[in-house]
Each structure stands twice: as C-alpha cells, then as structure tokens.
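Here is a quick tour of some helices and how they sit together. Have the viewer open while you read.

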Amino acid sequence: MPNFENINEIRESINLYFDNALTTDAKQNLLNKVDSDSTCHKIFNQEKNIRDFIRNNVTRPAVSPDLIQNIKNNIKVV
C-alpha cells in the first residue's frame, strides 16, 4: 500500500480503511502511521467523527413493503 508521501495519500488510505477496502497489511501500516504521526492521527479522527456523526444523525427514509416487492418482481434471475 502507499508509503504516505503526501496528505492526499493519507486521506485516501483513511477513506479506504473506513470503507473496509484495505488489506490486513495496509490496515496495519495505516494504523501504525496514525499512532506515530500527529497529522495523520488528526485526519483519521476527523474522518471517524464525520462518519460517526452521519451514522448517528442522518436518518434514512423508510421504504414501503410495496416498493420492495415491486423491485423483487422486476429482478430477473439469470
């Protein structure tokens, strides 16, 4: 995974981390960087706080059972 040469690479890796899109080794490299670099730690915490806020404060609209059934009826199994 990246060697974190710039802030954009750090942000990209942090986003991939929270999206569960990193390999185990890449996750560990990122977490090591977060522990050892104050800038990376700050960016990591900001992203975590944003995602936590969204998860806890943004409600998703309810979907009617009729809509779900309509979608199921229109899906063709190949």
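## Helix α1

The expected span of a helix is 1.5 Å times one less than its number of residues. Keep in mind that we're looking at a predicted model. Helix α1 has 12 residues, so it should span 16 Å, and its end C-alpha atoms agree with that, lying 17 Å apart.

Which residues of α1 are buried? They are I10, S13 and I14. Looking down the axis of α1, you'd find its buried residues within an arc of 100°, so they line one face of the helix. The cover over those buried residues includes α2 and α3.

## The loop after α1

N20 sits in the loop between α1 (7–18) and α2. N20 isn't a glycine, yet its phi is positive, at about 55°.

Is N20 buried or exposed? The cut-off for exposed is over 50% relative accessible area, and N20 counts as exposed because its relative accessibility is 62%.

## Helix α2 and its two sides

Next along is α2, with 13 residues. From its first C-alpha to its last, α2 reaches 18 Å, close to the 18 Å expected at 1.5 Å a residue. Its buried residues are A26, L30 and V34. These cover an arc of only 75° around the axis, which puts them on the same side of α2. What do the buried residues of α2 pack against? The partners are α1 and α3.

Flip to the other side of α2 and you'll find T24, D25, D35 and S36 exposed. K33 also belongs to α2, and this lysine is partly exposed, with a relative accessible area of 22%. If you want a long-range distance to check, try K33 and N74: they are 41 residues apart along the chain, and their C-alpha atoms are separated by 47 Å.

## Where α2 meets α3

How do α2 (residues 24–36) and α3 (residues 38–57) pack? Their axes are 5 Å apart, at an angle of about 110°. Since 65 to 115 degrees counts as roughly perpendicular, that angle makes α2 roughly perpendicular to α3.

On the α2 side, the contact is made by L30, L31, K33, V34 and S36. Opposite them in α3 are S38, C40, H41 and F44. Sorted by type, the residues of this contact come out as five nonpolar, three polar and one charged. L30 and V34, then, turn up in two roles: both are among the buried residues of α2, and both meet α3.

Key:
Residues numbered from 1 in each chain as written. Predicted model: local features only at pLDDT ≥ 70, side-chain atom pairs only at ≥ 80, totals over all residues. Heavy atoms only, no water. Axes fitted to C-alpha atoms, helices over the stretch in contact; angles between N-to-C directions. Helix = DSSP H or I, 4+ residues; strand = E, 2+ residues; numbered from the N terminus. Parallel < 35°, antiparallel > 145°, perpendicular 65-115°, else oblique. Contact = heavy atoms within 4.5 Å. Nonpolar A, V, L, I, M, F, W, Y, C, P; charged D, E, K, R; others polar. Buried < 20%, exposed > 50% of the residue type's maximum accessible area, 1.4 Å probe, protein only. Arc of directions from axis to C-beta.
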